[in-house]
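Biologist: I am new to this structure and should be grateful for a close look at a single part of it, namely the second largest pocket. Please describe what lines that pocket, and then place it within the rest of the chain.

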Amino acid sequence: MCSSDLPISPSTTTGAASWRTAVLVLVGLVLARAAVYVALGPGFVSDDWSLAGAMHLDGHQGRFILDSRPGSWLVFTTVYGIGRMHPVVVFLLVTALYLGVVLLLHGLLRRFVLPTTALAVTAVWVLLPTHTTITVWGATTNSLVGMTLALVGLLLLSHGRWVPATVAMAASVLSYELSTPILLLATLVVPGSWQRVPAGRQVARLARAVA
């Protein structure tokens, strides 16, 4: 029997459909929110001027950023190297990174709660006005990348893959240090028997200590 002849489980089909629907909803919400800001007119504020100016005048970011947050230095060099002095281009990069965070958050939540709950929580978070800076401000792209790496690390850890998870989580901290507390906690409690979707492999205490 060919693999194409194998019967497809109804639950698998339903799960794939619900995943696609959730992704479409979240992409729509993020793009709608971005469209409002584009209509208002993106511009540079505060740190944008120093970061964009450093790329415009020196071709690189300051050494102090490299010494304190090497991940941030790489992010800012890339974002403002591409966007230069064009606020709309920088905003498009912010939106792309933010969308990645939203989809990863949704994917992580589905490991622990029902798909409908995961979608509801993520959608409400997108619409809340409590995190406007990471949805519009180029100077927060380092935190967006830090969040992306943290979520990737948590997803990997929820599958029991602690080695690549540790690498991703360490890279997250080097981009934005405020991810440290939740990632330290995660190494203690993820994966766990309380997950809605089992990890498939366990992480030993020594491995958790290393992580």
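Modeller: The lining of the second largest pocket is made up of ten nonpolar residues, three polar ones and no charged ones. This is a predicted model, and in it the pocket has a volume of about 260 Å³. Of the 13 residues that line the pocket, Met-147, Ala-150, Leu-151, Ser-179 and Ile-182 are the closest to its centre. Two elements, H5 and H8, each give two or more residues to this lining. The largest share, six residues, is that of H8.

Both helices also take part in the largest nonpolar core. That core has 36 residues, and those with the most contacts inside it are Tyr-80 and Tyr-98. Among the elements that give it two or more residues are helix H5 (87-109) and helix H8 (141-158), together with others such as helix H1 (10-40) and helix H10 (180-189). H5 provides the largest share of the core, ten residues. In soluble globular proteins, nonpolar side chains tend to be buried together.

As for the wider setting, the protein chain has eleven helices and zero strands. Of its 211 residues, 38% count as buried. Among contacts with a separation of 6 or more, 69% join residues 24 or more positions apart. The accessible surface of the chain comes to about 11500 Å², and carbon and sulfur atoms account for 72% of it.

Technical notes
Residues are numbered from 1 along each chain as its sequence is written. This is a predicted model: local features need pLDDT of at least 70, side-chain atom pairs count only at pLDDT 80 or more; totals for chains, interfaces and linings use all residues. Side-chain values use heavy atoms; hydrogens and water are left out. Helices (H or I, at least four residues) and strands (E, at least two) are DSSP runs, numbered from the N terminus. Buried means under 20% relative accessible area, exposed over 50%, partly exposed in between (1.4 Å probe, protein chains only). Contact means heavy atoms within 4.5 Å. Accessible areas come from the Shrake-Rupley method with a 1.4 Å probe; for residues, only the protein chains shown count as cover. A nonpolar core is a set of buried Ala, Val, Leu, Ile, Met, Phe, Trp, Tyr and Cys residues joined through side-chain atoms within 4.5 Å. On a 1 Å grid over the protein atoms alone, a cavity is a set of points where a 1.4 Å probe fits but cannot get out, and a pocket is an open set with protein on both sides within 12 Å along at least five of seven lines; lining residues have an atom within 4 Å of a point. Grid points are joined across faces, edges and corners, and a volume is the space filled by probe spheres set on the points. Ala, Val, Leu, Ile, Met, Phe, Trp, Tyr, Cys and Pro count as nonpolar, Asp, Glu, Lys and Arg as charged, and the others, Gly among them, as polar.
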